[in-house]
Amino acid sequence: MVQHSALSPVPTLRTSRLVLVPLGPEHLEGVWAALGDEESNRLTGTHATFTREQVAAHLERIGAADDRADWAITSSDDGTYLGEVVLNELDDENACMNVRIALVPGAPGRGYGTEAMTAVLDHAFGAVGLHRVELSVYAFNPRAQRSYEKAGFVVEGRQRHTLLWDGTWHDSVLMAVLATDPRPSSDAPAPTS
Ligand SMILES: CC(C)(COP(=O)(O)OP(=O)(O)OC[C@H]1O[C@@H](n2cnc3c(N)ncnc32)[C@H](O)[C@@H]1OP(=O)(O)O)[C@@H](O)C(=O)NCCC(=O)NCCS
């Protein structure tokens, strides 16, 4: 059974280099800056444009939801905002959730994404009690696919023409990890709050 209490309040998760804290209004600057980056928007397939007020309202709202968990990925050294990772789209009966992650420009390629994802999967399969976590990644994003594979995801299939970007259709790759799948060991200790 899915433990909603492990999704809200969103617990803090720690790894050797990162602290994943509940995403909230205090992260507005970092979230807003990332939304202004064209390459980040292409990689995440973000067509929509948001006002700063809409983003602020979203950050105010998400903490109360018990069917999702939004984390800010921060540096354990100095608290720098490095990106966000979100468990959402809860399918209660089938103990399944979707996950998405995006680091801020300049942060990819240093292992932070894989480290954060591993901590979230530990929590998802541990305290939350999920059986399956899935995601979709665009076929033009091999860096993300490689990171997800390192975290334990396997490719399940390909969805054709899921994104129209600058007049060109792109496919996406469906990846998932089950609670029973082998995963790399994690250094993430149990949630602290
Ligand atoms: C996807 C993301 C979270 C991954 O986190 P990360 O910290 O960059 O990932 P890592 O550094 O742990 O791993 C990246 C891997 O991709 C590999 N890689 C990088 N570019 C690659 C390419 N063009 N082709 C194949 N592999 C590539 C790296 O070598 C590394 O693998 P390795 O450790 O085996 O050498 C992060 O890159 C990110 O947020 N990117 C911007 C937004 C985005 O793409 N979000 C995902 C949308 S689905």
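**Notes on the ligand site and the sheet**

1. A good place to start is Gly111: one of its backbone N or O atoms sits 2.9 Å from an oxygen atom of the ligand. Keep in mind as you look that this is a predicted model. Next door in the numbering, Arg110 also brings a backbone N or O atom to an oxygen atom of the ligand, here at 3.4 Å. Arg146 does it with its side chain instead, placing a polar atom 2.8 Å from a ligand oxygen.

2. How much of the ligand's accessible area does the protein cover? On its own the ligand has 960 Å² of accessible area, and the protein covers 72% of that.

3. Now for who stands around the ligand. The shell counts 21 residues, and the closest are Leu103, Gly109, Gly113, Thr114 and Lys150. Sorted by class, ten of the shell residues are nonpolar, seven are polar and four are charged.

4. Which elements give two or more residues to that shell? They are strand E5 (96-103), helix H4 (112-125), strand E6 (132-138) and helix H5 (142-151). H5 makes the largest contribution, with seven residues.

5. Step back and look at the sheet. It is open and built from eight strands, in the order E1-E2-E3-E4-E5-E6-E8-E7, with mixed pairing. Strand E1 (13-14) and strand E7 (154-165) are the edge strands; each has a single partner, so one side of each has no neighbour in the sheet. As a reminder, strands in a sheet pair through backbone hydrogen bonds, and they can do this parallel or antiparallel.

6. E8 is worth tracing, with E6 as one partner and E7 as another. E6 and E8 (residues 168-178) run antiparallel and are joined by seven bridges. Along this pairing, Tyr138 stands opposite Ser172 in E8, and Val137 stands opposite Val173 in E8.

7. E7 and E8 are antiparallel too, with eight bridges between them. Here Gln159 stands opposite Ser172 of E8, while Val155 has Met175 in E8 as its bridge partner. So if you click on Ser172, you should find Tyr138 across from it and Gln159 across from it as well.

8. Helix H4, which we met at the ligand, also lies across the sheet. The strands it crosses are E1, strand E2 (18-22), strand E3 (69-75), strand E4 (81-91), E5, E6 and E8, and it runs at about 160° to E5.

9. Finally, some backbone spots to check by eye. Most peptide bonds are trans, and most residues other than glycine have a negative phi. Where does the backbone have a cis peptide bond? Look at the bond from Ser8 to Pro9, where omega is near 0°; Pro9 belongs to the segment before E1.

10. Two positive phi values deserve a look as well. Glu89, which is not a glycine, has a phi near 50°, and this residue is in strand E4. Asp166 also takes a positive phi near 50°, in the hairpin of E7 and E8, where two residues lie between the strands.

Terms used:
Residues are numbered from 1 along each chain as its sequence is written. This is a predicted model: local features need pLDDT of at least 70, side-chain atom pairs count only at pLDDT 80 or more; totals for chains, interfaces and linings use all residues. Side-chain values use heavy atoms; hydrogens and water are left out. A residue is near a molecule or strand if one of its heavy atoms lies within 4 Å of it. A polar contact is a pair of N or O atoms within 3.5 Å; within protein, one must be able to donate a hydrogen and the other to accept it, and residues adjacent in sequence count only if both atoms are side-chain atoms. Accessible areas come from the Shrake-Rupley method with a 1.4 Å probe; for residues, only the protein chains shown count as cover. Helices (H or I, at least four residues) and strands (E, at least two) are DSSP runs, numbered from the N terminus. Ala, Val, Leu, Ile, Met, Phe, Trp, Tyr, Cys and Pro count as nonpolar, Asp, Glu, Lys and Arg as charged, and the others, Gly among them, as polar. Two strands pair if DSSP finds at least two bridges between them. Contact means heavy atoms within 4.5 Å. Axes are lines fitted to C-alpha atoms, for helices over the stretch in contact, and angles run from 0 to 180 degrees between N-to-C directions.
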